[in-house]
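Let's take a walk through this structure together. We'll begin with the whole chain and then stop at a couple of spots worth a closer look.

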Amino acid sequence: MQAKKRYLTLFSAGACLILLFCFGGIQVPLSRRGPSRRDDHSLTGYHPGARWRRFPGSLQPFSSWEHDQSDDHNEHISPRQKRDANSGVYTGKRCRMDSCFDFSLCARNGFKVYVYPQQKGEKMSESYQNILSSIEGSRFYTPDPGQACLFVLSLDTLDRDQLSPQYVHNLKAKIQSLPLWNGGRNHIIFNLYSGTWPDYTEDLGFDIGLAMLAKASISTENFRPKFDVSIPLFSKDHPRTGGERGYLKHNTIPPFRKYMLVFKGKRYLTGIGSDTRNALYHVHNSDDVVLLTTCKHGKDWQKHKDARCDKDNTEYDKYDYREMLYNSTFCLVPRGRRLGSFRFLEALQAACVPVMLSNGWELPFSEIIDWNTAAVIGDERLLLQIPSTVRSIHQDQILSLRQQTQFLWEAYFNSVEKIVLTTLEIIQDRVLQHTSRSNLMWNSLPGGLFTLPQYSTYLGEFPFYYAKLGIKPYPKFTAIIHVVTPLVSQSQPVMKLLVAVAKSQHCAQVIVLWNCDKPLPAKHRWPPTSVPVIVIEGESKLISSRFLPYDTIPTDAVLSLDEDTVLSTTEVDFAFTVWQSFPDRIVGYPARSHFWDSNKERWGYTSKWTNDYSMVLTGAAIYHKYYHYLYTTYLPASLKTMVDQMSNCEDILMNFLVSSVSKLPPIKVTQKKQYKETMMGQSSRASRWADPDHFAQRQTCMNKFASWFGTMPLVHSQMRLDPVLFKDQVSILRKKYRDIERL
């Protein structure tokens, strides 16, 4: 009887519970554990008992994150999320390329960049003007917004410090009124300074929407990976193009300098950024660790001076900053008011290994650069350990770090143009992921700006990585003979040249580029050869067409020849053998040089026979076929048009390009002394070489090219490579290239 009562009681209680559940009186949790912070972050607006949201139709592409949350959910977000939502910088904080970037705009015309026209009356800093000029002079620029994949504002957004004279007011309204703004999608905003005294936040003072940020001093907390780009802080005096070379002229072994660790800069007595610099005196020893600070900055520094200020100021004035910079192994780069510092680029240029003390700073171009190979990343909280840490670094590693600082400085940081182009190339790699660069391309010579993945994504296709990959270039070459005069006789120099080149054991094929106004000669007019001879008629008849990346070139090496060049088979064989050891350079015979004319204050060009040279003309030279692709795609149309109009200087321009990429001189090989006279006496081009106008044009070209490159990339050399036993008083039978001495 008692058992029946217990069962009846349990049944009644169970029925009551079921009824309560059906009418919503009890809410059952989804799991044994409550929702964590990670769950709240991923399921925005979740609360116990909430139903799954109903989505009408299919998901809308490129929907912004902030539109995914309905108003009634806002009351459930955290205070930090509310603060971020109210801040103009972080409205699209969770933006990534797949959610806030419209890839379809890039599918039509590739990666093209449009710069808004400058509005009348709008002030613009010199630095921002340099940024826009660099974009407009690049191969990415398009004046048609309908063809653009990326948009850049003409409104100056570099300095968003309200106390700065460069601050642009009412920027929010001006940007929102732009017809192409589209919420910021596919836009990039450049910024160097954000926030103002006393906290210097990263707020730009306007809503960037879905735009990408190319920002200096950006924190890892606010940096949106694979969407924003961290750029270096650079001064208004940073050159627009060219830029200075690094200061490491030669390696010293052991690689130690006068000082081990140095710093010289302001000491902030109060406010953000003051903690680290205020503590530097603890590790300063006035010997090999020299860390100097001064209180003398700002109008009212004396009001805040402390007991150390007078001593610090006196010590500060004893040392010359440049002398310290160039004579130190390591340079401390502590944070200032903002995370970034000018000391960063100064240390890179001086080959002084940067020691970073700026916790939370997303280092410049961190997406592509491995900073562990060029800098020491310290911790502000462990300042006292920094001296012992840098002393423990082995001298081999110091040498490696120092060399990498020079590479990175010259590849990506020594001009505004390179900073801007690196930014654009990073974004292009994100858009065209199937042809993006590898880590090795970005972090080894010649760098990502000269290694175009549109040419190939395989490292073995480039002339720079053979040694790293343990491979050799293809052991054959393709000869390209540039013909501009009609074929009237079988005894013309071009016929003899074709036969001599085709006899080379390394020749795979010969391409005759017919840029003559006369019709192509019949096939039987060409001499019989043991290798294929392909005749290509130049459609445009322009001289730059000799450097087009023809699909009919199957080999890595290209032997470029003028029609009136006189070379023997032995000379061709020897030049190619030399090139196989220097595949990233031009190797050949006719050498020329450049010099600085101090009277005219311009670059000069000389063809005098001396032991010094800086160019090897492409009338008889071997180089890698990748340079054809670079010449066609990397160089601006203005330079190529200039060359085509004059029918001159294409060989000089190619030398500028190759030296700019390799940072090395060309290689001159053994050459017969009468080479120049022979050429000038055999063809219709003789008058051209003797024409003073031709020589004057080449002088003009030198200066035009140097102006575009922003510097003089040509490098002088006095090295000539001869065959073993060349001119030695031994039996001719012991010499491999014996015919060269008979020429």
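Start with the overall layout: the chain holds 25 helices and 23 strands. Keep in mind that you're looking at a predicted model. Of the 743 residues in the chain, 53% are buried. If you take the contacts between residues at least 6 apart in sequence, 74% of them join residues at least 24 apart. As for the outside, the chain exposes about 36000 Å², and carbon and sulfur atoms supply 53% of that area.

Now head inside, to Lys264, which sits in strand 8 (residues 259-266). Lys264 is buried, yet it has no salt bridge. How far away is the nearest side chain of opposite charge? That side chain belongs to Asp317, and it is 5.9 Å from Lys264. A salt bridge would need a side-chain nitrogen within 4 Å of a carboxyl oxygen, so Asp317 doesn't qualify.

What does the side chain of Lys264 reach, then? It comes to 2.4 Å from the backbone oxygen of Tyr319, and one of its polar atoms lies 3.2 Å from the backbone oxygen of Tyr316. Leaving aside neighbours within four places in sequence, Lys264 is in contact with several residues, including Leu292, Asp320, Tyr321, Met324 and Arg343.

Back out on the surface, Tyr458, Leu469 and Ile471 form a nonpolar patch. Together they have about 250 Å² of accessible area. One of the three, Ile471, lies in the loop between helix 17 (466-469) and strand 13 (477-483). Ile471 is partly exposed, with a relative accessible area of 30%.

How values were computed:
Residues numbered from 1 in each chain as written. Predicted model: local features only at pLDDT ≥ 70, side-chain atom pairs only at ≥ 80, totals over all residues. Heavy atoms only, no water. Patch = residues over 30% accessible without salt bridge, like charges linked within 9 Å, V, L, I, M, F, W, Y side chains within 5 Å. Areas by Shrake-Rupley, 256 points an atom, 1.4 Å probe, with all protein chains shown as cover. Helix = DSSP H or I, 4+ residues; strand = E, 2+ residues; numbered from the N terminus. Buried < 20%, exposed > 50% of the residue type's maximum accessible area, 1.4 Å probe, protein only. Lys, Arg positive; Asp, Glu negative; His and termini not counted. Polar contact = N/O pair within 3.5 Å; in protein donor to acceptor, adjacent residues only side chain to side chain. Contact = heavy atoms within 4.5 Å.
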